[in-house]
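Hi everyone, thanks for having me. I'll take you through one structure today, so have a look at it while I talk.

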Protein chains: 2
Amino acid sequence: MAPKVEALIAKNDDAQKMALQQPQPPPKTHIEISKYTKRVVLKTVLNREDAGFGLINERVVVGGWVKSAKEVRKQQTLPKPEHDQPEPTGSKDVTCAEILQTRMPIFRSFMKLFGVGGHGAKDSALSLAQKVQQPVVSTMTLQVSDGSCVASLQVIVDSTLAPPGRIMLSGTCILVEGVLQQPATSGKHSIELKAEKVLHLGVVEDHEKYPLSKKRLPLHSLRNWAHFRPRTTTVASIARIRHGLTHATHVFFQDNGFLYVQVPVITATDSEGFSDKFHVTTLLNKASKEGSSTKSSGLKDVSLESIKASLKEKSTRVEELRRTDSNREALLAAVQDLKKTNELASQLEAKEKREKAKEASLVKTDRLDFLDDFFSCQAFLTVSGRLHLESYACALGNVYSFGPRFKAETSQSTRHVSEMWMFEAEMAFAELEEAMNCATDLLKHLCKKVKEDCAEDMKFVLKRVDENIVHRLQSVQLSEFEKIPYCKAIDVLKQVKEKNFATNIEWGVPLTEEHESYLADEIYKKSVIIYDYPKEVKPFYVRQNDDGKTVAAFDVIVPKVGAVIRGSQNEERIKMLTTRIQEVGLSSDQYEWYVDLRRHGTTKHAGFSLNFDLIVLMATGISDIHDVIPFPRSYGKLNN
Amino acid sequence: MAPKVEALIAKNDDAQKMALQQPQPPPKTHIEISKYTKRVVLKTVLNREDAGFGLINERVVVGGWVKSAKEVRKQQTLPKPEHDQPEPTGSKDVTCAEILQTRMPIFRSFMKLFGVGGHGAKDSALSLAQKVQQPVVSTMTLQVSDGSCVASLQVIVDSTLAPPGRIMLSGTCILVEGVLQQPATSGKHSIELKAEKVLHLGVVEDHEKYPLSKKRLPLHSLRNWAHFRPRTTTVASIARIRHGLTHATHVFFQDNGFLYVQVPVITATDSEGFSDKFHVTTLLNKASKEGSSTKSSGLKDVSLESIKASLKEKSTRVEELRRTDSNREALLAAVQDLKKTNELASQLEAKEKREKAKEASLVKTDRLDFLDDFFSCQAFLTVSGRLHLESYACALGNVYSFGPRFKAETSQSTRHVSEMWMFEAEMAFAELEEAMNCATDLLKHLCKKVKEDCAEDMKFVLKRVDENIVHRLQSVQLSEFEKIPYCKAIDVLKQVKEKNFATNIEWGVPLTEEHESYLADEIYKKSVIIYDYPKEVKPFYVRQNDDGKTVAAFDVIVPKVGAVIRGSQNEERIKMLTTRIQEVGLSSDQYEWYVDLRRHGTTKHAGFSLNFDLIVLMATGISDIHDVIPFPRSYGKLNN
């Protein structure tokens, strides 16, 4: 049943590495200057086929953050042992600048002004006295990364250029000008920069408080420092892979003639009908200002009835005056008076209408007073853009979107966040089969492209995160997906003896993550597409099958990751759709526009949502979604 | 001062058209089948260099929506005049199917089952009696569009294939199989489709209620029908241009080494510090459920003090029992009791802590009880992603983002919506000048690319929307932008005599849209960059200039459109930043993470936000932003 994936993919590491080796463009003879930053981006030096060798003697400016540092005293012959956390004080850190600072207070202020020595001077009152006894000049070897690639550039800085106590701390930002040279000792670097000028020094103010000062922190402990973690090699690699995958997905849709449509994030439509949603509101801003607004109109104590009576009276009086042809001034005054009363009446009427509508809405929704809200109705953050996308598909053919989608789920799993980025596609004149084919092709395309486009980062991931990642990607790319209807999935899972699932399996229950991964990881050992789900477990808009029980929905389960794509052919028959909207108890008003698409020029159409964050998990082997999203949001967690 | 833009751009229409003519790829000899929809996409037929001529005699399936239709009776020799709004009844609409429907009720049900004749039968009880008198077979000529290009395909359908009364209404969706042929009469079409099978017919249920049944509705009246309007030629063209511009922007950033980062939409940080924001909350869902939750813990009537006293007592008792070595059971019971009380105490303590925190927060924010909210704090929809982007720039170098940004502005102008799509860029080791250069290059790139990549749609826009659009795009592309500091802008505007601005001009006031457009449209007659604004009119994070009064912010104003880009070099000096946060009265807690980026390894950095919706205005000449956004959201307006 499950063909041997192993047969399809090579098993040794070399094969994985081979899969990552792509033809490189020939090295340029001249250095590429980054157009908008006046510096050379490190990958243009370090990722050359000659590893930068051809650039020796070039003068360049590079910028980046210090990853680690060593110091060698010029007077000494033996190199010091590596110290990743150099102390701000201590004999080895003494520099000309510091000496000058202790001796000449003016020079200290001067250094402070340039932001390079101010902090270090504080804690050195006593110890400097000792240091001055034995002044030394030293050479620092810094490993500097600018986030453009995995590798760091080795930068040699003489202590006369910058105080070691400040520049050597990991996390320090430097911009230096220098000359590229061959390293004196042969090692893993085939090129290094001899600094001649330090153009900028962004110090680490408090080494103890800098969260990345410890090396190789586990990913979960970096989560509290979302704003710093892209400075780690792993999170930087993930960010570049995420970029590569985004680009590759756009390319796939572009190449297949899909138009990119920006669907809204704020919506009045509850797309799935059963998800927990976020309200978007300005009511909470206004809360305190309320109350006064209704009073200010000054209409409070006048009843519409009395006004109407007076209106009638006044109108009769005008008629009378007109008929009796009495004096013009009296008539004008009476007309003026009538006009005013009329105005008041219409204001009052509007107010009453509004209040009635308010009341009606309160009764109807049993909720707050959303007529006062920004949009005069309830507004939510969208759960899925597919409904809006349908409108564009039913005019332009194949369309797709990419944007954040929201669920107010309190689950704290490794697969759930409140704000997820999704690619969504919708195709007119397409049915379930085509949507499944498109989803399959897209997944295979991404597995292929991430290996090609992010080869260097994938090598790092292979080494540091998941030694089987390339195997798995190749398996998704090369093996046929197993396609089974929901009923078969149930049958297969029922026969499982060696595992007790938390939820009992029988026809009609939604498959849990546990079920899904068991099918893909244990039973079929490859990607699985499950389709034709019971209508109760899928959104109201999915097209009903002829059996009356199932609907044309599908999920694509990737081993070790889960359901990365969920799709469906959506109901194009108006009667079926309106019936279903009633059945699940949704407000038909809210979906009027959506039903409209079936009322006028309907067509079959199908599409899917790709959970992009899970795709990054798939490509990197990272196990928790919180580690691949720049600033993840989840229940109770919002720090920035 | 303002060089003559006119000199730079050719003035006649031919030149504009020339600018749009791009080399076309050689026509493929075979038809391209759309991979996932089993149909041929019309642009692959109609946009060929030979206008489809080389595909004659090919059998194809095409799908789309009827734009207009004509009918020719086979018995008659003269063609009928064009009728864009054919009546559902009337002699010319009689078909075999309808005749059969009146005569044989069983056939009617049969037709209904296939969804083609059900509705039409209703209103034809009497009139059909007349029709039956003169049965005719006719040929319909439909103009069908599938949204892939401006042009429509002419489809010839015999009335034996489908009832004219249903298929000829504009808005009808059809999927037909047929053979491409040369039209019998020479006209604007060089190819047409002779239908042989109607595979799908999505009727217009109620012609009167279909909003697009009238031809050439003005854009503003289409706004109530956002879900249908992409079916109009103009909105479809805008959608394709929007797609082209999105793609071109991604390409620009990609080519310049920017990494695409998905910054969050939900945020705890109020990025600008002075915009009206939307709350994101689940408090409104819970409102009714409240109250009960605090009671359910059953801790209400026990004071922490009494518990602590009892804890001490019980602890003493356990000690006593242990010391006196009394019976084991009594000891165990006492220990158990102690444990329970201990637990209760810690629960109570946690509760009190929580309540104190709540109180503190209530006092502090003078607002609702956000500790109970989903994120346990106030959450907003982001106004700008630049702050979060800075974190990634200060690790990875050049980064950009594309996503929705939100302002709860009640303004109803042609330039404001509540949900805007923005491209944002941030560059480490860059200053104001580089950000301005990058912004300028991007704009010029977009003007160039939209003409190249969307040539066909731009021709349509030129003809139907704005006859000067290509001139203006060329002007932006080719002319130098005028770069003036804010103080000069003020001086120049002060000297304007021929116009009274709504807001008086003097140093320190924010420039209004009126000022901005006067500078670009009337004074310089080209794109203008204004920079070095007074610090009071720009966000707190913009870098302060040495004069202590101005900050390194800039805006790019494009003629007829307005400020499409706003950018700045952001403050990298921690002291300056924290002082500014205090000055403008923001909560320093909220910005702790942001200040952190300056505390550890800070660097100069600069960037900008490009209002993508305005870019679409710029490229199309459309005057209202609501017409270029698929589903615009603004004050009081949220229909879907």
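Before anything else, a word on naming: helices and strands here are DSSP runs, at least four residues for a helix and at least two for a strand, numbered from the N terminus. One more thing to keep in mind is that this is a predicted model.

With that naming, we can place A:A51: this residue sits in the loop between α3 (43-46) and β1 (59-73) of chain A. Its phi is positive, about 55°, although A:A51 is not a glycine. Is it buried or exposed? In between: with 27% relative accessibility, A:A51 counts as partly exposed.

Chain B has a residue to look at in the same spirit. B:K38 is found in the loop between α2 (13-20) and α3 (43-46) of chain B. Again we have a residue other than glycine with a positive phi, here near 55°. B:K38 counts as exposed, because its relative accessibility is 56%.

Okay, let's step back to the two chains. In general, two copies of a chain are related by a rotation about an axis and a shift along it. Here, chain A lands on chain B after a rotation of 180° with 0.1 Å of shift along the axis, and the RMSD is 0.2 Å. That's the relation of a two-fold axis. Which residue of chain A comes closest to that axis? It's A:V280, whose C-alpha is 2.6 Å away from it. And how do the copies meet? Of the interface residues of chain A, 100% are also interface residues in chain B, so the copies meet through the same surface.

Now some strands. In chain B, five strands form a closed barrel, in the order β1-β2-β3-β5-β4, and the pairing is mixed. Neighbouring strands of this sheet are turned by 55° against each other on average, ignoring direction. Zooming in on one pair, β1 (residues 59-73) and β2 (residues 138-145) of chain B run antiparallel and share eight bridges. If you want to find one of the partners yourself, go to B:V66 and look across to B:V144 in β2(B).

Next, the helices towards the other end of the numbering. Two packed helices are described by the angle between their axes and the distance between the axes. For α21 (residues 574-583) and α22 (residues 592-599) of chain B, the angle is about 160° and the axes are 9 Å apart. That makes α21(B) roughly antiparallel to α22(B). On the α21(B) side the contact uses B:I574, B:L577, B:T578 and B:I581, and these meet B:Y594, B:V595, B:R598 and B:R599 of α22(B). Sorted by type, the residues of this contact are five nonpolar, one polar and two charged.

Let's hop over to chain A for α22. Why call this helix largely enclosed by the rest of the structure? Because six of its eight residues are buried. Those are A:W593, A:Y594, A:V595, A:D596, A:L597 and A:R598. They pack against α15 (386-396), β15 (562-570), α21 (574-583) and β16 (605-611) of chain A. Just past the end of α22(A) you'll find A:G601, with a positive phi of about 75°.

Last stop: A:L577, in helix α21 of chain A. Its relative accessibility is 0%, so A:L577 counts as buried. Leaving out residues up to four places away in sequence, A:L577 touches A:F540, A:Y541, A:E571, A:Y594, A:V595 and A:R598.

That's my tour, thanks for listening!

Key:
Residues are numbered from 1 along each chain as its sequence is written. Chains are lettered from A and ligands numbered from 1 in the order in which they are written. This is a predicted model: local features need pLDDT of at least 70, side-chain atom pairs count only at pLDDT 80 or more; totals for chains, interfaces and linings use all residues. Side-chain values use heavy atoms; hydrogens and water are left out. Copies are superposed by least squares on the C-alpha atoms of residues with pLDDT of at least 70 in both. Contact means heavy atoms within 4.5 Å. Axes are lines fitted to C-alpha atoms, for helices over the stretch in contact, and angles run from 0 to 180 degrees between N-to-C directions. Angles under 35 degrees count as roughly parallel, over 145 as roughly antiparallel, 65 to 115 as roughly perpendicular and the rest as oblique. Ala, Val, Leu, Ile, Met, Phe, Trp, Tyr, Cys and Pro count as nonpolar, Asp, Glu, Lys and Arg as charged, and the others, Gly among them, as polar. Two strands pair if DSSP finds at least two bridges between them. Buried means under 20% relative accessible area, exposed over 50%, partly exposed in between (1.4 Å probe, protein chains only).
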